[in-house]
Amino acid sequence: MIRVSAPQKPQFGSVDDVAERLAQVGYLASTGVATTVYLADKLGKPLLVEGPAGVGKTELAKAVAEATGSGLVRLQCYEGIDEARALYEWNHAKQLLRITAGQGQENWDATRDDVFSEEFLLPRPLLTAIRREDPTVLLVDEIDKADVEVEGLLLEVLSDYQVSIPEMGTVTATRTPFVLLTSNSTRELSEALKRRCLFLHLDFPDADLERRIVLTRVPELTEALTDALVRTVRVLRAMELRKVPSVAETIDWGRTLLALGLDTLDDDTVRATLGVVLKHQSDAEKAAAELRLN
């Protein structure tokens, strides 16, 4: 069960290679993003990506996986997630059936060795990513929602890319995964975890980049309509809303207009489709007042 880790060959040749290959799968990366991804890959270090919801943090991990032909393993964090859900656990029901079936037929040592074997192990995302021999992107999504104890567990796993299973031995990665952690900054992460990672802050793109992103995802839109969409969304983001529109919602708005056969973004259109980008009634009312929609 003990495996020896081998040196990892970088999957990107240069910063330009990162930008080009991400663009080929529909993710338009700035020079800063492409540089940080390249360094994380080259140095074999985890990448911590912070920023508001909806700026493309999770999509970056998916794009890296697609661009490199890697498998994507995702650990979605939430309040109360524990080691069993993040790392591994034993199939207790199956173990109990095996113990019951072996009663009176074999000694306890043989039964114990059997029930704590591969057949009864339930790998969770961290162990799954460590054990994969093919190229892998491990996405630890919304790490700020997990408890500090899970953050500590993650730090231990990422230090040596190995997992200790007391009943079976130590599993060490034969191929180090590309690790990307995302955070919406709902709580401060530990300095120890930050020291272990390269850091990237993602914010909403500037107007030019967002236009390019929308046209990449919804190429049927006219440039004039795309410009109007992006300008309107940027006005909405400047308001004090409970939830500002994400880039994904800008794209959804463009697809909505296409589905309705609309080619202009006038007051009537904004009023009828505002629910695509604003998800709280108070936000919709504030936007309607500030945009002077009757």
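Let's start with two helices that meet, H10 and H11, in this predicted model. H10 covers residues 207–217 and H11 covers residues 223–237. Their axes come within 10 Å and cross at roughly 125 degrees. What do we call an arrangement like that? Angles over 145 degrees would count as roughly antiparallel and 65 to 115 as roughly perpendicular, so H10 and H11 are oblique to each other. The crossing of H10 past H11 is right-handed.

Which residues make the contact? From H10, we have Ala207, Glu210, Arg211, Val214 and Leu215. From H11, there are Glu223, Thr226, Asp227, Val230, Val233, Arg234 and Arg237. If you sort this contact by class, you find five nonpolar residues, one polar residue and six charged ones.

Keep H11 in mind, and let's move along to helix H14, which spans residues 281–290. Which residues of H14 are buried? They are Asp283, Ala284 and Ala287. These residues cover an arc of only 100 degrees around the axis, and therefore they sit on the same side of H14. Here is a handy bit of background: an α-helix has 3.6 residues a turn, so residues three or four places apart point the same way.

And what covers that buried side? Part of the answer is our friend from before, because H11 is included in what covers the buried residues of H14. Now turn the helix around in your viewer. On the face of H14 turned away from the buried side, you'll find the exposed residues Gln281 and Ala289. Just past this helix, have a look at arginine 292, which follows H14 and has a positive phi, near 60 degrees.

Next, a stop in a loop. Glutamate 133 lies between helix H7, residues 125–131, and strand E5, residues 136–141. Is glutamate 133 buried or exposed? Its relative accessibility is 55%, and exposed means over 50%, so glutamate 133 counts as exposed. You can also look from here to proline 177: the two residues are 44 apart in sequence, and their C-alpha atoms are 9.2 Å apart in space.

Finally, let's zoom out to the whole protein chain. It has 14 helices and nine strands. Its C-alpha atoms fill a box of roughly 80 × 45 × 35 Å along the principal axes. Of the 294 residues in the chain, 46% are buried. And what about contacts between residues at least 6 apart in sequence? Among those, 75% join residues at least 24 apart.

Note on methods:
Residues numbered from 1 in each chain as written. Predicted model: local features only at pLDDT ≥ 70, side-chain atom pairs only at ≥ 80, totals over all residues. Heavy atoms only, no water. Axes fitted to C-alpha atoms, helices over the stretch in contact; angles between N-to-C directions. Helix = DSSP H or I, 4+ residues; strand = E, 2+ residues; numbered from the N terminus. Parallel < 35°, antiparallel > 145°, perpendicular 65-115°, else oblique. Left-handed = near helix turned anticlockwise from the far one by under 90°. Contact = heavy atoms within 4.5 Å. Nonpolar A, V, L, I, M, F, W, Y, C, P; charged D, E, K, R; others polar. Buried < 20%, exposed > 50% of the residue type's maximum accessible area, 1.4 Å probe, protein only. Arc of directions from axis to C-beta.
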